[in-house]
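Visitor: I'd like to learn how to read a model like this one, feature by feature. Could you walk me through it?

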Amino acid sequence: MAKSANLYARIEPEVKEQAEKILSTLGIPASNAINMFYKQIILQRGLPFEVKIPDRTPTDISTLGTEELHAELEKG
């Protein structure tokens, strides 16, 4: 069995830059992070995080009246 395989993926440059900056701070090469991600996919038998559409969109409080604002604050 091969000791490594190549993976080619397209990613937004800003996302790549931000992620690699964080990984560098952690001392983790991008290739190791990708390998860890793939291993978690195998262990979890799916993505290692929840992927779903939010139940509701965030409330824009600038559009609420006083009573509506208080009601939203009471919710949470």
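Visitor: Let me start with one ring: is F49 buried, partly exposed or exposed?

Guide: The cut-offs come first: buried means under 20% relative accessible area, exposed over 50%, and partly exposed is in between, with a 1.4 Å probe and protein chains only. F49 has a relative accessible area of 47%, so it is partly exposed. Before we go on, this is a predicted model, where local features need pLDDT of at least 70, side-chain atom pairs count only at pLDDT 80 or more, and totals for chains, interfaces and linings use all residues. Residues are numbered from 1 along each chain as its sequence is written, and side-chain values use heavy atoms, with hydrogens and water left out.

Visitor: Which aromatic cluster does F49 belong to?

Guide: A pair of aromatic rings is described by the distance of the centres and the angle of the planes. Rings of Phe, Tyr and Trp (its six-membered ring) pair if their centres lie within 6.5 Å; planes under 30 degrees apart count as stacked, over 60 as edge-to-face and the rest as tilted. Here F37, Y38 and F49 form one aromatic cluster, and the structure holds two aromatic pairs. F37 and Y38 make an edge-to-face pair, 6.2 Å centre to centre with 65° between the planes. F37 and F49 are stacked, at 6.3 Å centre to centre and 15° between the planes.

Visitor: Which parts does the pair of F37 and F49 tie together?

Guide: F37 sits in helix 2 (residues 30–44) and F49 in the loop between helix 2 and helix 3 (66–75), so the pair links parts that are twelve residues apart in sequence. As for cover, F37 is partly exposed at 32% relative accessible area, and Y38 is partly exposed at 43%.

Visitor: How many helices and strands does the chain have?

Guide: Helices (H or I, at least four residues) and strands (E, at least two) are DSSP runs, numbered from the N terminus. This chain has three helices and zero strands, in the pattern α-α-α along the sequence. Its radius of gyration is 20 Å, well over the 11 Å that the globule rule gives for 76 residues, so the chain is more spread out than a compact globule. That radius is taken over C-alpha atoms, and the rule is 2.2 Å times the number of residues to the power 0.38. The C-alpha atoms fill a box of roughly 65 × 30 × 25 Å along the principal axes, and buried residues make up 3% of the 76 residues.

Visitor: How do I check the span of a helix?

Guide: Its expected span is 1.5 Å times one less than its number of residues. Helix 1 (residues 13–26) has 14 residues and should span 20 Å, and its end C-alpha atoms are indeed 20 Å apart. Of those 14 residues the number buried is one, so helix 1 lies largely in the open. Helix 2, with 15 residues, reaches 21 Å from its first C-alpha to its last, close to the expected 21 Å.

Visitor: What about phi just after each of those two helices?

Guide: Most residues other than glycine have a negative phi, and most peptide bonds are trans. Just after helix 1, G27 takes a positive phi of about 75°. Helix 2 is followed by R45, with a positive phi near 55°, although R45 is not a glycine. R45 lies in the loop between helix 2 and helix 3 and counts as exposed at 80% relative accessibility.

Visitor: And where is L69 found?

Guide: L69 is in helix 3, partly exposed with a relative accessible area of 28%. L69 and G27 are 42 residues apart in sequence and 45 Å apart in space, C-alpha to C-alpha.
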